[in-house]
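User: I have a new model open and would like to learn how to read it feature by feature. Could you walk me through it?

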Amino acid sequence: MTVKKSPIWHPFTQHALQHEMTKVVRGQGAYLYTEDGRRIIDAIASWWVVTHGHCHPSIVSAIQKQAEKLNQIIFAGHTHEPAEEVAALLLKLVPRSLDYVFFSDSGSTSVEVALKMALGYWHNIGEPRSRIVVMQHSYHGDTVGTMSVGARGVFNAAYGPLLFDVTSVPFPALGHEQATLDALEAACRDENPAAFIVEPLMLGAGGMLMYPAWVLREMKRICEVAKVLFIADEVMTGWGRTGTLFACEQADVSPDIACYSKGLSGGSLPLAVTLCRADIFDAHYSKDRTRTFFHSSSYTANPVACAAAKANLDLWQNRESRERVGSVAAMQEKGIEPFRADARFGNVRRTGTVTALDLIGCDKGYLASSGPRLQAFFNSRNLLLRPLGDTIYVMPPYCVTAADLNEIYAAIKDAADALV
Ligand SMILES: *Cc1c(COP(=O)(O)O)cnc(C)c1O
């Protein structure tokens, strides 16, 4: 029998095992305050969205002002100042290949839009292609289309019959990079794919798996030669996570299509964008109405969310924000460094402001029993950490202090002492 006080069904939550939800009443900077009077350090930026900190004053103020003026408007046939400002500012920051901005409301949707743009492009230029090439262990969202291009496993086993077929290339594990490049080259040559979609430099939900910039650059080169559209899913890697504003910068890669969400509003309101090259837009530009890009969300480019994003983009124009990313990366290196010599941990790694390490000697995979036990341990230390199975990772908001990080890494060490 179900014993449950609240009618709410939570995401990625097994209610039979987790009965109590932590009730949070306030967030400020890197901290969350609970109803029962605890202060929790948000070491995963509330699922990778919070960049400058919870309730950043300039973002809160922009939201307040916009909410009083215009809080929603149909975006077909209409526009508004916050959306125009966000689009213009984005084009100043993103790789130079990108010319047009399509708004939506979540990372998953931005990926669906990217896939539809790619297929629409090939359809409209009269060379229909539909195959998508993906990378092993990828995650691109939880809708049916994004599950199709993501890793198959326990998350989507029940929905397999609905998912479309893709071609997968292996993850470029250290020392095995050439196998990835060879597989991509073969897929591009033999399967006439519409697009290759990839998370640049770091695969998030797949276990914080990291690979170097030269592999990203080579993958882009292979797609370019084969005329396969290159889709960069920067939903998680964007906004400083990898040490640069966008991961593609480090490989000097200009994608054909790029998806950004999560930190786009600084982690305050749901918003996403899919950017594309001019010729993808042009393939849809016609007096023939059948060539229209048929996609919309009800809240496309919501003005309040756009005002929050505008305030966030303004923060990124300041040198301090970029410098802050550099200093968080340095503090993160200092925190993770001692674990490289600790035999209880494997694959100790860092890209930019994100660190990850695998706990050795416990069962592996997302459903590893160590996952919930670790989470409960960290909760008892007033830390929000949410291991991906046996992989512990730290992805803090950039206002995190050295003292906060000390507390986080001390708890990770203690967790190994207590659980391994
Ligand atoms: C989180 C994530 C998504 C999905 O974003 P939602 O806003 O949760 O729909 C897509 N791609 C990547 C790489 C992500 O990390």
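User: Let me begin with a single pair in a sheet: which residue stands opposite Y33 in β2?

Analyst: Before the answer, please keep in mind that this is a predicted model. The residue opposite Y33 in β2 is R26. It belongs to a strand pair: β1 (24-28) and β2 (residues 31-34) run antiparallel to each other, with four bridges between them. A second pair to look at is Q28, whose bridge partner in β2 is Y31.

User: What should I look for at the turn between β1 and β2, and what phi does G29 take there?

Analyst: In a hairpin, look at the residues that link the strands and check their phi values. Here the hairpin of β1 and β2 has two residues between the strands, and G29 takes a positive phi near 60 degrees.

User: How do I place these strands in the whole sheet, and in what order do the four strands come?

Analyst: Start by listing the strands in order across the sheet, then ask which ones have a neighbour on each side. In this open sheet the order is β1-β2-β3-β15, with mixed pairing. The strands at the edges are β1 and β15 (383-384); each has a single partner strand, so one side of each is left without a neighbour in the sheet.

User: What do side chains do along a regular strand?

Analyst: The general idea is that side chains in a regular strand alternate between the two faces of the sheet. For another strand to inspect, take β13 (residues 345-351), which is mostly covered, with five of its seven residues buried. β13 pairs with β14 (residues 354-359) in the antiparallel sense over five bridges, and R349 has A356 in β14 as its bridge partner. This hairpin also has two residues between the strands, and G352 has a positive phi near 60 degrees.

User: Which residues other than glycine have a positive phi?

Analyst: Two cases to look at are S46, with phi near 45 degrees, and W239, with phi near 65 degrees. For each, read the location and then the accessibility. S46 lies in helix α1 (residues 45-48) and is partly exposed, with a relative accessible area of 26%. W239 lies in the loop between β10 and β11, and at 1% relative accessibility W239 counts as buried.

User: How should I read a loop residue such as P193: is it buried or exposed?

Analyst: A loop label tells you about the backbone assignment; burial has to be checked separately. P193 is found in the loop between α6 (177-190) and β7 (195-198). P193 counts as buried because its relative accessibility is 0%, and the cut-off for buried is under 20%. Setting aside residues up to four places away in sequence, P193 touches R129, R131, V133, A187, C188 and V228. You can also follow a distance: the C-alpha atoms of P193 and L229 are separated by 8.4 Å, while the two residues are 36 apart along the chain.

User: Which residues is S265 in contact with, beyond its sequence neighbours?

Analyst: Leaving out neighbours within four places in sequence, the contacts of S265 are I59, A305, A308, A309 and N312. S265 sits in the loop between β11 (257-260) and β12 (272-276) and is buried, at 1% relative accessible area.

User: And where is S254 found?

Analyst: S254 is in the loop between β10 (229-233) and β11. Its relative accessible area is 16%, which makes S254 buried. Not counting residues up to four places away in sequence, S254 touches P95, R96, S97 and K220.

User: Stepping back, how do I judge the overall fold, and why does the radius of gyration agree with a compact globule?

Analyst: The idea is to set the computed radius beside the value expected for the chain length. With 420 residues, a compact globule would have a radius of gyration near 22 Å, and the protein has 21 Å, which agrees. The C-alpha trace spans about 65 × 55 × 55 Å along its principal axes. The protein has 12 helices and 16 strands, and buried residues make up 51% of its 420 residues. Among contacts between residues at least 6 apart in sequence, 70% join residues at least 24 apart.

User: What about the surface and the charges: how far apart are the mean positions of the positive and negative charges?

Analyst: For the surface, read the total and then the atoms that supply it. The protein exposes about 19200 Å², and carbon and sulfur atoms supply 56% of that area. For the charges, compare the two mean positions: those of the 39 positive and 43 negative charges are 3 Å apart.

Notes:
Residues numbered from 1 in each chain as written. Predicted model: local features only at pLDDT ≥ 70, side-chain atom pairs only at ≥ 80, totals over all residues. Heavy atoms only, no water. Rg over C-alpha atoms; globule rule 2.2 N^0.38 Å. Buried < 20%, exposed > 50% of the residue type's maximum accessible area, 1.4 Å probe, protein only. Contact = heavy atoms within 4.5 Å. Areas by Shrake-Rupley, 256 points an atom, 1.4 Å probe, with all protein chains shown as cover. Lys, Arg positive; Asp, Glu negative; His and termini not counted. Charge placed at Lys NZ, Arg CZ, Asp CG, Glu CD. Pairing = 2+ DSSP bridges.
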